[in-house]
Amino acid sequence: MTFLFARAPSIRIAPTSTARPISHSVSVSKALPFYLNNLRSTEQNDGKVLRMLMFGKPGAGKGTLSARLVKKYDILSLSTGDLLRQHIAERTEIGRQAEEIVAQGNLLPDDVMLKVVASKLESLNNRHWILDGFPRTLGQGKLLDAHLQVQNAPLSLVVNLDVADNVILSRISDRWVHLPSGRVYNMTYNRPKVDGFDDETGEPLTRRPDDNPEQFYDSTSPLLAYYASPRSARLVTLQGETSDEIWPQLDAVVRRSFPGIRERASSIAQRRYSLSDAFAMEQEKRAIKRAAAVDGSNSSKILN
């Protein structure tokens with residue numbers, strides 16, 4: 001099942017070359033110093049409610065980084081694919097319409113995809129959220145912006161993950177998916193129980209049709225240019241080869257731009273445990289050093 005998804009100047013957290021090689025995402029408008037952008041966005045982010053999109057080539061780590069944000073902060077992660085499957089399973093009017101279109105082998109029109117997304121967003125009021133899988137084209141982006149403006153809930157942050165193509169190609173060569181459920185497998189670190197087949201249904205696994213960096217450039221470059229315009233949401237480009245490299249950058253952007261966002265209790269408890277554990281280890285090291293010093297002193301006295 002194949003879907004055609006997707007106010008301040010842009011910010012770059014990591015340096016980029018002036019040329020645009022294929023291994024990097026589209027260049028956007030000239031970056032301002034981080035603190036200047038941060039001050040401007042703080043004044044214009046509509047009550048500091050996080051309404052966020054994340055872009056990146058297939059395999060760039062969007063799912064991993066979104067999951068980290070949701071685990072640490074009181075943020076909802078909304079997957080367009082999951083919302084669509086829910087509408088189809090519940091036989092809603094939108095779901096029946098979408099199922100009929102897909103059954104005919106056609107792509108869902110932009111207005112139908114907007115209905116799928118809007119039906120959920122309209123119920124969130126002032127909740128923080130990340131939207132995954134929509135928009136994927138410039139037309140979809142403009143439709144979403146227009147809808148959110150009517151709801152007086154515009155986007156407040158757009159993140160672009162810029163990971164080199166050679167890294168991406170290495171990752172997606174090992175990736176297989178079960179399209180009906182959205183389950184993803186990786187032959188390096190998350191193999192299915194039986195190669196080529198889904199663990200739960202036993203159905204064959206396939207490659208994702210959008211696992212292609214060039215397709216990302218074709219469809220997403222116009223979107224990034226659109227979101228880099230002063231009239232749109234704040235665009236931040238983060239660079240790195242792994243999610244572990246990009247995560248501290250993303251976390252810093254969210255904390256500085258939305259200081260009122262709450263951490264989940266489990267995240268706070270885990271951090272306190274980690275800090276106390278580190279403190280205990282340091283204390284233990286110091287105790288061992290003191291004991292060794294005392295033993296050394298006693299040994300010297302005996303020898304003397």
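In which helix is the place of Arg-171? Select Arg-171 in this predicted model: the residue belongs to helix α7, which spans residues 165–172.

**Stop 1: Arg-171 and its surroundings**

With a relative accessibility of 24%, Arg-171 counts as partly exposed, because that class lies between the limits of 20% for buried and 50% for exposed. Next, display the residues that touch Arg-171. Apart from neighbours within four places in sequence, its contacts are Gly-59, Ala-60, Gly-61, Val-163, Asn-186, Glu-241 and Thr-242. Then add Pro-58 and draw the C-alpha to C-alpha distance to Arg-171: 8.8 Å in space, for two residues 113 positions apart in sequence.

**Stop 2: helices α2 and α9**

Select residues 62–72, helix α2, together with residues 243–257, helix α9. The two helices pack with their axes 10 Å apart and at an angle of about 45°. This angle makes α2 oblique to α9. The crossing of α2 past α9 is right-handed. To see the contact, show the side chains of Thr-64, Leu-65, Arg-68, Leu-69 and Lys-72 on α2. On α9, the partners are Ser-243, Asp-244, Ile-246, Trp-247, Leu-250, Asp-251, Val-254 and Arg-255. Coloured by class, the residues of this contact divide into 6 nonpolar, 2 polar and 5 charged.

**Stop 3: helix α4**

Move to helix α4, residues 93–103, and select Ile-94, Gly-95, Ala-98 and Ile-101, which are buried. On which side of α4 do these residues lie? They lie on the same side of α4, because they cover an arc of only 130° around the axis. An α-helix has 3.6 residues a turn, so residues three or four places apart point the same way. Rotate the view to the other side of α4, where Glu-93, Glu-100 and Ala-103 are exposed. The buried residues of α4 pack against α3 (80–89) and against α5. Just after α4, select Gly-105, whose phi is positive, at about 80°.

**Stop 4: helices α5 and α6**

From α4, continue to helix α5, residues 110–121, and add helix α6, residues 138–150. Here the packing angle is about 40° and the axes are 10 Å apart. The crossing of α5 and α6 is right-handed. Five side chains need not be searched for by eye: Asp-110, Asp-111, Leu-114, Ala-118 and Leu-121 make the contact from α5. From α6, the contact is made by Gly-139, Gln-140, Leu-143, Leu-144, His-147 and Leu-148. By class, the contact of α5 with α6 comprises 6 nonpolar, 3 polar and 2 charged residues.

**Stop 5: backbone features in the loops**

Most residues other than glycine have a negative phi, and most peptide bonds are trans. Three loop positions are of interest in this respect. Begin with Asn-125, in the loop between α5 and β4. Asn-125 is not a glycine, yet its phi is positive, near 50°. Its relative accessibility of 61% means that Asn-125 counts as exposed.

Next, select Phe-134 and Pro-135, which are joined by a cis peptide bond with omega of about 0°. Pro-135 is placed in the loop between β4 (128–132) and α6.

Finally, follow the chain past α6 to Asn-152, in the loop between α6 and β5 (157–162). Is Asn-152 buried or exposed? At 58% relative accessibility, Asn-152 counts as exposed. Its phi is positive, about 60°, although Asn-152 is not a glycine.

Note on methods: Residues numbered from 1 in each chain as written. Predicted model: local features only at pLDDT ≥ 70, side-chain atom pairs only at ≥ 80, totals over all residues. Heavy atoms only, no water. Axes fitted to C-alpha atoms, helices over the stretch in contact; angles between N-to-C directions. Helix = DSSP H or I, 4+ residues; strand = E, 2+ residues; numbered from the N terminus. Parallel < 35°, antiparallel > 145°, perpendicular 65-115°, else oblique. Left-handed = near helix turned anticlockwise from the far one by under 90°. Contact = heavy atoms within 4.5 Å. Nonpolar A, V, L, I, M, F, W, Y, C, P; charged D, E, K, R; others polar. Buried < 20%, exposed > 50% of the residue type's maximum accessible area, 1.4 Å probe, protein only. Arc of directions from axis to C-beta.
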